[in-house]
Amino acid sequence: MVYRTEKYQKLKGEVEKQSKKLEKRKEILGESLDKSHKKKIERDEEKLKNNNRDLSLVKMKSMFAIGFAFTALLSMFNSIFDGRIVARLPFVPISWIQGLSHRNLPGDDYTECSFIFLYILCTMSIRQNIQKMLGFAPSRAASKQAGGLFGPTPGQFK
């Protein structure tokens, strides 16, 4: 729906190419930057930022569809497995997680696991590996340049 479109592939290629180019330029020039080199690097960073923004907008459609589908599935499965033991944990969870791991289950055996806890564990541990395996995850160079959740990493633009 999104990841095979020509626009997405083109933007993804541009982001990867620009992030590698910017990284090489920063490595070569190092700390000895004059004004012209700084302006070129700033211009490249601005292009990369714009392409990352465009790529995020292209991905947004599929993220909304996936979010809606998973919310619907979660609510359906939650109603089906409400009050049923779906797994037995080999450990007793720490106290502030026990409310989630033992949610709506009768009894005081905290090694019994509810559906919602198992679902959360699976999505946290499996999602990134599946994205990498299917090729949906961004490249390391692009994600390094894009920074964290709230923008660039500290000290990235020295």
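Is glutamate 46 buried, partly exposed or exposed? Select glutamate 46 in this predicted model: its relative accessibility is 39%, so the residue counts as partly exposed.

Keep glutamate 46 selected and add lysine 49. The two form a salt bridge, with 3.8 Å between the closest N and O atoms. Both residues belong to helix H2, which covers residues 35–80. They sit three residues apart, about one turn of the helix. Lysine 49 has a relative accessible area of 52% and is exposed, because the cut-off for that class is over 50%.

Next, go to helix H1, residues 6–29, and select glutamate 14 and lysine 17. Here too the spacing is three residues, about one turn of the helix. The side chains meet in a salt bridge at 3.6 Å, N to O. Lysine 17 is exposed at 51% relative accessible area, while glutamate 14, at 27%, is partly exposed.

Now select arginine 88 and glutamate 112. Their side chains meet in a salt bridge, at 3.3 Å from N to O. This pair links distant parts of the chain: arginine 88 lies in strand E1 (residues 87–88) and glutamate 112 in strand E2 (residues 112–113), 24 residues apart. Glutamate 112 is buried, with 9% relative accessible area, whereas arginine 88 is exposed at 55%. Add Asp109 to the selection: salt bridges with shared partners join Arg88, Asp109 and Glu112 into one network.

To finish, display the salt bridges across the structure; there are six. Among them are the pairs glutamate 46 with lysine 49, lysine 17 with glutamate 14, and glutamate 112 with arginine 88.

Methods: Residues numbered from 1 in each chain as written. Predicted model: local features only at pLDDT ≥ 70, side-chain atom pairs only at ≥ 80, totals over all residues. Heavy atoms only, no water. Salt bridge = Lys/Arg side-chain N within 4 Å of Asp/Glu carboxyl O. Helix = DSSP H or I, 4+ residues; strand = E, 2+ residues; numbered from the N terminus. Buried < 20%, exposed > 50% of the residue type's maximum accessible area, 1.4 Å probe, protein only.
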